[in-house]
Amino acid sequence: MKIVYVIQYFGSPDNSFASGRSWDFAHEWAKMGHNVWIICSDAYFIDKTQLPDFSDNPHLSISVIHQSYENSFSLWNRLNAFLGFSLKALFKLLDNPDKYEIAYISSTPLTTGLIGLFQKILTGKNWIFEL
(Lines give C-alpha, C1' and ligand atoms only; values in the text may rest on other atoms or scores of the structure.)
Protein backbone atom coordinates (compact mmCIF):
# COMPACT_ATOMS: atom_id res chain seq x y z
CA MET A 1 0.00 0.00 0.00
CA LYS A 2 1.12 3.57 -0.63
CA ILE A 3 0.67 5.70 2.49
CA VAL A 4 1.18 9.43 2.79
CA TYR A 5 1.97 10.40 6.36
CA VAL A 6 1.26 14.10 6.93
CA ILE A 7 2.64 15.34 10.21
CA GLN A 8 3.66 18.94 10.66
CA TYR A 9 6.28 18.17 13.31
CA PHE A 10 8.20 15.12 12.15
CA GLY A 11 11.81 14.64 13.12
CA SER A 12 14.41 11.98 13.46
CA PRO A 13 15.52 10.59 16.83
CA ASP A 14 18.71 12.59 16.32
CA ASN A 15 17.05 16.00 16.19
CA SER A 16 13.79 15.78 18.12
CA PHE A 17 12.93 14.13 21.41
CA ALA A 18 9.23 14.29 20.49
CA SER A 19 9.38 12.43 17.19
CA GLY A 20 10.00 8.85 18.28
CA ARG A 21 6.43 7.69 17.75
CA SER A 22 6.02 9.14 14.25
CA TRP A 23 9.49 7.93 13.27
CA ASP A 24 8.60 4.44 14.46
CA PHE A 25 5.26 4.46 12.63
CA ALA A 26 6.88 5.37 9.31
CA HIS A 27 9.65 2.80 9.68
CA GLU A 28 7.33 0.00 10.80
CA TRP A 29 5.01 0.58 7.84
CA ALA A 30 8.02 0.50 5.52
CA LYS A 31 9.25 -2.74 7.12
CA MET A 32 5.85 -4.23 6.31
CA GLY A 33 6.46 -3.38 2.66
CA HIS A 34 4.32 -0.25 2.43
CA ASN A 35 5.63 2.79 0.56
CA VAL A 36 5.55 5.70 2.99
CA TRP A 37 5.71 9.28 1.79
CA ILE A 38 6.18 11.70 4.69
CA ILE A 39 5.08 15.32 4.34
CA CYS A 40 6.23 17.54 7.18
CA SER A 41 7.38 21.04 7.98
CA ASP A 42 11.00 22.05 8.26
CA ALA A 43 10.66 22.71 12.00
CA TYR A 44 13.28 20.07 12.83
CA PHE A 45 15.20 20.35 9.56
CA ILE A 46 16.46 23.92 9.51
CA ASP A 47 19.36 22.84 7.34
CA LYS A 48 19.13 20.24 4.57
CA THR A 49 22.01 18.32 6.14
CA GLN A 50 19.63 17.47 9.01
CA LEU A 51 17.20 15.60 6.75
CA PRO A 52 16.94 11.92 7.56
CA ASP A 53 18.81 9.64 5.19
CA PHE A 54 16.35 7.12 3.81
CA SER A 55 18.73 5.86 1.11
CA ASP A 56 18.90 2.48 2.86
CA ASN A 57 15.11 2.09 2.65
CA PRO A 58 13.47 2.51 -0.76
CA HIS A 59 10.03 2.42 0.87
CA LEU A 60 10.51 5.79 2.62
CA SER A 61 10.56 9.28 1.12
CA ILE A 62 10.13 12.73 2.62
CA SER A 63 8.87 16.09 1.38
CA VAL A 64 9.66 19.03 3.61
CA ILE A 65 7.53 22.19 3.51
CA HIS A 66 8.98 25.48 4.66
CA GLN A 67 6.66 27.17 7.12
CA SER A 68 7.86 29.89 9.45
CA TYR A 69 6.78 29.48 13.04
CA GLU A 70 7.90 30.95 16.33
CA ASN A 71 6.54 30.37 19.82
CA SER A 72 6.40 34.15 20.17
CA PHE A 73 3.84 34.44 17.32
CA SER A 74 0.53 36.08 18.13
CA LEU A 75 -2.60 33.94 17.95
CA TRP A 76 -3.34 35.31 14.46
CA ASN A 77 0.20 34.55 13.21
CA ARG A 78 0.08 31.04 14.66
CA LEU A 79 -3.23 30.33 12.95
CA ASN A 80 -1.80 31.72 9.73
CA ALA A 81 1.24 29.44 10.03
CA PHE A 82 -0.87 26.34 10.74
CA LEU A 83 -3.25 27.05 7.87
CA GLY A 84 -0.28 27.84 5.62
CA PHE A 85 1.22 24.41 6.25
CA SER A 86 -2.15 22.75 5.69
CA LEU A 87 -2.65 24.48 2.32
CA LYS A 88 0.89 23.70 1.13
CA ALA A 89 0.53 20.05 2.16
CA LEU A 90 -2.87 19.78 0.48
CA PHE A 91 -1.48 21.18 -2.79
CA LYS A 92 1.41 18.70 -2.57
CA LEU A 93 -1.11 15.84 -2.26
CA LEU A 94 -3.22 17.13 -5.13
CA ASP A 95 -0.12 17.50 -7.33
CA ASN A 96 0.95 13.89 -6.61
CA PRO A 97 -2.19 11.73 -6.44
CA ASP A 98 -0.34 8.62 -7.68
CA LYS A 99 2.08 8.70 -4.72
CA TYR A 100 -0.51 7.52 -2.21
CA GLU A 101 -3.60 5.37 -1.75
CA ILE A 102 -4.48 6.44 1.78
CA ALA A 103 -3.62 9.52 3.81
CA TYR A 104 -2.63 9.21 7.46
CA ILE A 105 -2.93 12.67 8.97
CA SER A 106 -1.49 13.29 12.41
CA SER A 107 -2.58 16.25 14.50
CA THR A 108 -0.60 19.00 16.12
CA PRO A 109 -2.03 21.28 15.13
CA LEU A 110 -5.63 20.25 14.59
CA THR A 111 -5.75 22.25 11.36
CA THR A 112 -3.99 19.29 9.71
CA GLY A 113 -7.43 17.65 9.72
CA LEU A 114 -8.40 20.06 6.94
CA ILE A 115 -5.81 18.41 4.69
CA GLY A 116 -7.51 15.03 5.03
CA LEU A 117 -11.00 16.41 4.66
CA PHE A 118 -10.29 18.40 1.50
CA GLN A 119 -8.15 15.71 -0.13
CA LYS A 120 -11.05 13.28 0.47
CA ILE A 121 -13.52 15.69 -1.16
CA LEU A 122 -11.20 16.41 -4.10
CA THR A 123 -9.67 12.95 -4.72
CA GLY A 124 -12.05 10.52 -3.04
CA LYS A 125 -9.15 8.84 -1.22
CA ASN A 126 -9.66 7.56 2.30
CA TRP A 127 -7.87 9.12 5.23
CA ILE A 128 -7.20 8.50 8.89
CA PHE A 129 -7.01 11.40 11.31
CA GLU A 130 -5.03 10.71 14.44
CA LEU A 131 -5.72 13.05 17.34
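A residue is called buried when its relative accessible area is under 20%, exposed when it is over 50%, and partly exposed in between (1.4 Å probe, protein chains only). The structure is a predicted model, in which local features need pLDDT of at least 70, side-chain atom pairs count only at pLDDT 80 or more, and totals for chains, interfaces and linings use all residues. Residues are numbered from 1 along each chain as its sequence is written, and side-chain values use heavy atoms, with hydrogens and water left out.

**Exercise 1. Overall dimensions**

Task: Determine what share of the protein chain counts as buried, and how the radius of gyration relates to the globule rule.

Solution.
- Step 1. Of the 131 residues, 44% count as buried.
- Step 2. The protein chain comprises 3 helices and 5 strands; these are DSSP runs (helices: H or I, at least four residues; strands: E, at least two), numbered from the N terminus. Read from the N terminus, the order of elements is β-α-β-β-α-β-α-β.
- Step 3. The radius of gyration, taken over C-alpha atoms, is to be set against the globule rule, 2.2 Å times the number of residues to the power 0.38. The chain gives 14 Å, close to the 14 Å of the rule for 131 residues, so it is as compact as a globular protein of that length.
- Step 4. Along the principal axes, the C-alpha atoms fill a box of roughly 45 × 35 × 25 Å.
- Step 5. About 7300 Å² of the protein chain is exposed, and carbon and sulfur atoms supply 58% of that area; accessible areas come from the Shrake-Rupley method with a 1.4 Å probe, and for residues only the protein chains shown count as cover.
- Step 6. A contact requires heavy atoms within 4.5 Å. Among contacts in the protein chain with a separation of 6 or more, 66% come from residues 24 or more positions apart.

**Exercise 2. The sheet**

Task: Establish in what order the strands form the sheet, and why one side of β3 and of β5 is left without a neighbour.

Solution.
- Step 1. Two strands pair if DSSP finds at least two bridges between them. By this criterion, 5 strands form an open sheet, ordered β3-β2-β1-β4-β5, with parallel pairing.
- Step 2. β3 (60–65) and β5 (127–130) stand at the edges with a single partner strand each, so one side of each lacks a neighbour in the sheet.
- Step 3. Neighbouring strands are turned by 15° against each other on average, direction ignored. Axes are lines fitted to C-alpha atoms, for helices over the stretch in contact, and angles run from 0 to 180 degrees between N-to-C directions.
- Step 4. β1 (residues 2–6) pairs with β2 (residues 35–41) in the parallel sense over 5 bridges, and W37 in β2 is the bridge partner of V4.
- Step 5. β1 is also joined to β4 by 4 bridges, again parallel; here Y5 stands opposite Y104.
- Step 6. β4 pairs with β5 in the parallel sense over 4 bridges, where I128 of β5 is the bridge partner of Y104.

**Exercise 3. Burial of β4**

Task: State which residues of β4 point one way and which the other way.

Solution.
- Step 1. In a regular strand the side chains alternate between the two faces of the sheet.
- Step 2. I102, Y104 and S106 point one way, whereas A103 and I105 point the other way.
- Step 3. In total, 5 of the 5 residues of β4 are buried.

**Exercise 4. Helices against the sheet**

Task: Find which strands α2 lies across and which of its residues are buried.

Solution.
- Step 1. α2 (residues 75–95) lies across β1, β2 and β3, at about 150° to β2.
- Step 2. The expected span of a helix is 1.5 Å times one less than its number of residues. The 21 residues of α2 should therefore span 30 Å, and its end C-alpha atoms are 30 Å apart, which agrees.
- Step 3. The buried residues of α2 are A81, F82, G84, F85, S86, A89, L90 and L93; they pack against β1, β2, β3 and α3.
- Step 4. α3 (residues 112–123) lies across β1, β4 (102–106) and β5, at about 165° to β5.

**Exercise 5. Three individual residues**

Task: Decide whether S22, P97 and P13 are buried, partly exposed or exposed.

Solution.
- Step 1. S22 belongs to helix α1 (residues 20–31) and is buried, at 4% relative accessible area. Apart from neighbours within four places in sequence, S22 is in contact with Y5, I7 and F10.
- Step 2. P97, in the loop between α2 and β4, is partly exposed at 32%. P97 and Q119 are 22 residues apart in sequence and 9.6 Å apart in space, C-alpha to C-alpha.
- Step 3. P13, in the loop between β1 and α1, counts as exposed at 52% relative accessibility.
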